[in-house]
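Grab a viewer and work through a few short exercises. Each one sets a task and then walks through a solution.

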Amino acid sequence: MERIDKLRSDEAFVYRLNKARNTSLEWAWKLVLYILIAGISFIILMPLFRRLSTAFKDPIDIYNPTIFMVPIHFTLDNIRHAMSILNYWPMLGNTLLFVTVMTLLQAVSCALAGYGFARFSFPGSRLLFGLVILTILIPMNTLMVPMYLHFRSFDVMGLISLFTGKDGVNLLNTYWPSMITSATANGLKSGLYIYIFNQFFRGMPKEIEEAALIDGAGAYRTFFTIMLPNAIPAIMTVMLFAFVWQYNDTFYTSLFMSNSDLMSVNVASLPANVNQYLPSLLGLGGNSDMRVDPNHVALIVDTGILLAIAPLVIMYLFVQRYFVESVERTGVVG
Amino acid sequence: MNLRRLTLVQKRALVGFSFILPWLVGFVFLFATPLIQSARFSFSKLNVAPGGYELEFTAWTNFKQALYIDPTFNRILTESVVNMLWSVPMILFFSLFSAVLLNQKFKGRGLARAVFFLPVILASGAIAAAETAGLISMTGSSQVAQELGEAQSGFDSISLIFMLDNAGFPDWFIDYIVSGVTGIYEIIRSSGVQILIFLAALQSVPPAMYEVAKMEGATPYESFWKITFPMVSPLILTNIIYTVIDSFADSPVTRKIYETAFQAQNFGLSAAMSWLYTGVVGIMLIVIGILVSRRVFYYN
């Protein structure tokens, strides 16, 4: 008893004890943290690794139960088959071109609208901004049928039928429906982008524009030479998200362009195509009743999915740090 | 001539209007018009005629058909709304949890963040469709494929159920936790953007607050509930709305509406279904909004 009291009054000892307790607590917390992070990362990465392993796996290895992840027989055949069924390189080029054009259109039109709402007040501007929020909230399937019919016989206020005598132009299965919706800031998730730009421009100091105005720049010149170069973080965010979401979008593409040469459309129909074309690719003849091993089909489908997401993953390796930074700097939160 | 007589304020208003003009044109022709048309379609029978369509007013027939006659719509709608109510708290909890984890200082944080945001770019409807279709062609039946898909995220939940049961939790709670654990991949896959938003919110909390709390002797647990949580609470509402909207895109109801329109060619019924869906979700959002915004703490 006496010894304990003595130890308690010994300041050096108490200090050391507290320190030991603190460091051990810290270590325990670090351990828990790493376990959690590693566990969640594993769940996220596992499907990717599994596809990577199947992509190089020879069909011989499908039924070998001793194989986990790393195949015994490596092959590039899966990738070759998947590429030829997907018509990979031409389609990838086409998709990337389309997605890039869409991304640029979205960024420009949404930046204009966002700036207009952030800096100018005119009668009804608040109401109109409320309508922007409405476009975010209304699910797109409400607009699906009228949009489809609208683009099936596209017409701008009866002008086309006035001049040509026909009932508008059928724009389905062309790139125009998506281009038109993006250029007018009503495309895929445009409302969100307008909101991001609006928040960002609101956060910029007004003095910049006033200085530009005094130096004789008009509103448009101020916008293009001063505000836009300063809005790089917001532009970056919007372009990143617009690119990724456009690349992955199946709703608009299957609605307007179900026959087009785009990645998302082709990947969605990949399993059926593999079933159809794989026998002839394997040299089993063009008999339509011919079926290959369904597990082999699944192997090719998995490889195809990997090929489809590969461009995004590679892009992500380079730009991932902008993802976090951009959202912080654009002030979506504020 | 007239332009010269405008005041500066009016000129500014005009210029501002010209900035939003592209959006406004798009809004009127590609949003408002289709919206009104869609509402009209839902009360009509639509016949595709050469070079256009004809409408035949049928009052509430389409809505009645969707609710009382269509064999699956009711079930799909309730299922997907219940599913939404089920998964929103999970996603919110998980994303806030991950954001707090990623906001700690530790070695390899950059790498961990990169991995956690990977689902943002990989969450694709096309890939999900190809995955299930691949499984179907493997097994030859969608039922088996679904079960296989569930089995693939293999985790033996029996021991967890026993553990929770012995701990005396109510059945519905055990169900909820177990479904969350088995569906962890789904939850992670759909919470990328939410983590991003929460993380940004966490980083905008002034560090001085934590310092003060620490000096006054608050434990990390207390400072989470007294500082972190109130400061990010406005974003909880944002994230709820985002999660709900995000679930529209590949919900079974959307698929049903799409099929009704383009495979069954019943455009009127499809419009009615989509309005029902919009209405239900809208009411839900309003209720959640009112409930949550009462408890939200605004710093400024």
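Helices here are DSSP runs of at least four residues, numbered from the N terminus. Keep in mind that this is a predicted model.

**Exercise 1. Find where A:Asp249 sits, and work out whether it has a salt bridge or lacks one.**

Step 1: go to the loop of chain A between helix H12 (232–248) and helix H13 (251–256); A:Asp249 is found there.

Step 2: look at its surroundings. Leaving out residues up to four places away in sequence, A:Asp249 touches A:Leu188 and A:Ser264.

Step 3: check for a partner. A salt bridge needs a side-chain nitrogen of Lys or Arg within 4 Å of a carboxyl oxygen of Asp or Glu. The nearest side chain of opposite charge to A:Asp249 is A:Lys189, at 8.5 Å. The result is that A:Asp249 is buried yet has no salt bridge.

**Exercise 2. Decide whether A:Phe120 is buried or exposed, and list what it touches.**

Step 1: locate A:Phe120 in the loop between helix H4 (88–119) and helix H5 (125–137) of chain A.

Step 2: apply the cut-off. Buried means under 20% relative accessible area. A:Phe120 has 4% relative accessibility, so it counts as buried.

Step 3: list the contacts, again not counting residues up to four places away in sequence. From chain A, A:Phe120 touches A:Tyr115, A:Ser125 and A:Ala219. From chain B, it touches B:Arg12, B:Val15, B:Gly16 and B:Phe19.

**Exercise 3. Describe the largest nonpolar core, and say why it lies between two domains of chain A.**

Step 1: get its extent. The largest nonpolar core has 163 residues, and A:Phe201, A:Phe323 and B:Trp23 have the most contacts inside it.

Step 2: see which element gives the most. That's helix H3 (residues 73–103) of chain B, with 14 residues.

Step 3: bring in the domains. Domain 1 (2–54) and domain 2 (89–268) of chain A both give residues to this core, so it lies between them. The C-alpha centres of these two domains are 48 Å apart.

Step 4: zoom in on B:Trp23. Setting aside neighbours within four places in sequence, its contacts include A:Phe117, A:Leu128, A:Val132, A:Asn186 and A:Ile194.

**Exercise 4. Sum up chain B in numbers.**

Step 1: count elements. Chain B has 14 helices and 2 strands.

Step 2: check burial. Of the 300 residues in chain B, 43% are buried.

Step 3: turn to the surface. Chain B exposes about 16,400 Å², with carbon and sulfur atoms supplying 65% of it.

Step 4: look at contact range. Take the contacts in chain B between residues at least 6 apart in sequence: 64% of them join residues at least 24 apart.

Note on methods. Residues numbered from 1 in each chain as written. Chains lettered and ligands numbered in written order. Predicted model: local features only at pLDDT ≥ 70, side-chain atom pairs only at ≥ 80, totals over all residues. Heavy atoms only, no water. Domains from an automatic or database assignment. Buried < 20%, exposed > 50% of the residue type's maximum accessible area, 1.4 Å probe, protein only. Contact = heavy atoms within 4.5 Å. Areas by Shrake-Rupley, 256 points an atom, 1.4 Å probe, with all protein chains shown as cover. Core = buried A, V, L, I, M, F, W, Y, C linked by side-chain atoms within 4.5 Å. Lys, Arg positive; Asp, Glu negative; His and termini not counted.
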